Amino acid sequence: MDLQAKLAELKHNGLKEIKAAEGMDAVKKIKVSLLGKKGPITNVLRGMKDLAPEERPQVGKMANILRDELTKAIDAKTKELEAALLQQKLASEAIDVTLPGTQVTEGNPHIITQVITQIEELFLGMGFQVVDGPEIEEDHYNFEMLNLPKDHPARDMQDTFYITPNILMRTQTSPVQARTMEKHDFTKGPLKMISPGKVYRRDNDDATHSHQFHQVEGLVIDKHITMADLKGTLALVAQTVFGAERKIRLRPSYFPFTEPSCEVDVSCFKCGGAGCAVCKQTGWIEVLGAGMVHPNVLKMAGVDPEVYGGFAFGLGPDRFAMLKYGVDDIRQFYLNDVRFLKQFAQKG
Ligand code: 2U9
């Protein structure tokens with residue numbers, strides 16, 4: 001077959017192949033096989049040296065035209081396939097903007113967090129600092145500095161989880177106060193702080209006990225602090241959480257870290273003091289423990305008890321929330337049941 005006929009055949013077959021190509025990969029393969037270095041057109045051009053000199057220009061021209069035609073056909077096919085791919089992608093990614101949106105469910109602060117925030121806001125307003133501290137504590141800060149030496153019987157009531165004989169899960173937030181008092185520069189002014197947070201006890205969980213619960217403890221150290229300051233401050237706590245009409249009363253008690261110590265009752269928010277099921281017919285509900293900071297505690301933090309004194313208190317936000325919202329099982333706070341938690345969503 002002469003060269004011209006061969007070129008015509010190449011053109012016919014090449015265009016047929018390009019037309020029938022299914023997909024980009026096939027087109028790329030055809031391009032290499034027809035126009036590549038080992039392809040038939042290159043072959044023809046290479047074979048020109050064997051032709052008669054007068055034939056060369058015409059064959060060269062025909063080969064070049066054929067290469068251009070095939071290149072154009074491949075480019076056109078590539079564009080056609082790209083357009084088809086784009087259409088496919090647009091169809092598969094189409095978004096129906098008329099469909100209803102996904103419901104966004106809004107969370108709400110945990111009820112314990114709400115109680116703690118309310119107390120924090122009250123104390124921040126009175127110029128107290130809110131101080132955080134470690135939940136894993138040293139025996140020294142959790143017990144020793146609070147007048148609870150190693151063999152003290154009151155340690156029994158605060159058994160906890162030990163990591164080593166000297167490192168434990170804190171049983172109260174008092175160690176935060178001990179650490180802050182130790183660092184405080186009293187020449188710059190009084191110490192007024194609260195420390196909210198999680199605490200731990202080695203307890204079997206039941207409706208009124210949890211091995212992990214919360215505390216807010218408060219501490220004020222200055223010259224000339226009296227029990228009247230303590231009573232006024234705690235009355236504000238009771239009124240803020242349980243209602244402006246509430247009164248408080250103090251009953252003598254014992255804590256190793258305060259002397260004198262007291263338990264604090266609030267007048268019943270349900271019956272106003274007349275007696276009902278909530279206050280067990282007494283008109284009063286126990287809500288706090290407090291007292292004047294023990295001289296030993298001051299001394300251990302490097303504070304001179306002859307010059308400085310102060311009051312401290314402790315309250316349980318879990319107990320506050322149970323009372324205020326009629327929750328009869330403390331474990332509800334820790335089950336993370338959304339149906340329970342959602343009841344305390346703040347409106348607006
Ligand atoms: C320092 C000195 C004294 C903190 C105090 C109480 C009384 C108290 C309990 C109430 C219920 C804990 O949440 S509860 O279980 N607390 O009765 N806590 S005085 O006294 C301190 C703290 C720190 C340096």
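This short talk covers one open sheet, two helices lying across it, and an annotated glutamate.

The model is predicted, so to speak of local features we need pLDDT of at least 70 and for side-chain atom pairs 80 or more, while totals for chains, interfaces and linings use all residues. Residues are numbered from 1 along each chain as its sequence is written, and side-chain values use heavy atoms, without hydrogens and water.

I start with the sheet. It is open, has 7 strands in the order S1-S5-S6-S10-S9-S8-S7, and its pairing is mixed. Strands here are DSSP runs of E, at least two residues, helices are runs of H or I, at least four, and both are numbered from the N terminus. Two strands pair if DSSP finds at least two bridges between them. S1 (129–130) and S7 (248–255) are the edge strands; each has a single partner, so one side of each lacks a neighbour in the sheet.

Take S5 (residues 191–200) and S6 (residues 212–222): they pair antiparallel over 10 bridges. Val-199 stands opposite Phe-213 in S6.

Now the helices. H7 (residues 174–183) lies across S1, S5 and S6, at about 145° to S5. H10 (residues 317–325) lies across S6, S9 (284–293) and S10 (309–315), at about 155° to S9. Axes are lines fitted to C-alpha atoms, for helices over the stretch in contact, with angles from 0 to 180 degrees between N-to-C directions; contact means heavy atoms within 4.5 Å.

Last, Glu-259, in strand S8 (residues 258–267). UniProt, in an unreviewed entry, places a "binding site" feature there; positions follow the numbering used here, feature names are shortened, and annotations may be inferred rather than shown by experiment. Glu-259 touches Met-292 and His-294, leaving aside residues up to four places away in sequence. Is Glu-259 buried, exposed or partly exposed? Partly exposed, because its relative accessibility is 46%; buried is under 20%, exposed over 50%, and partly exposed in between, with a 1.4 Å probe and protein chains only.
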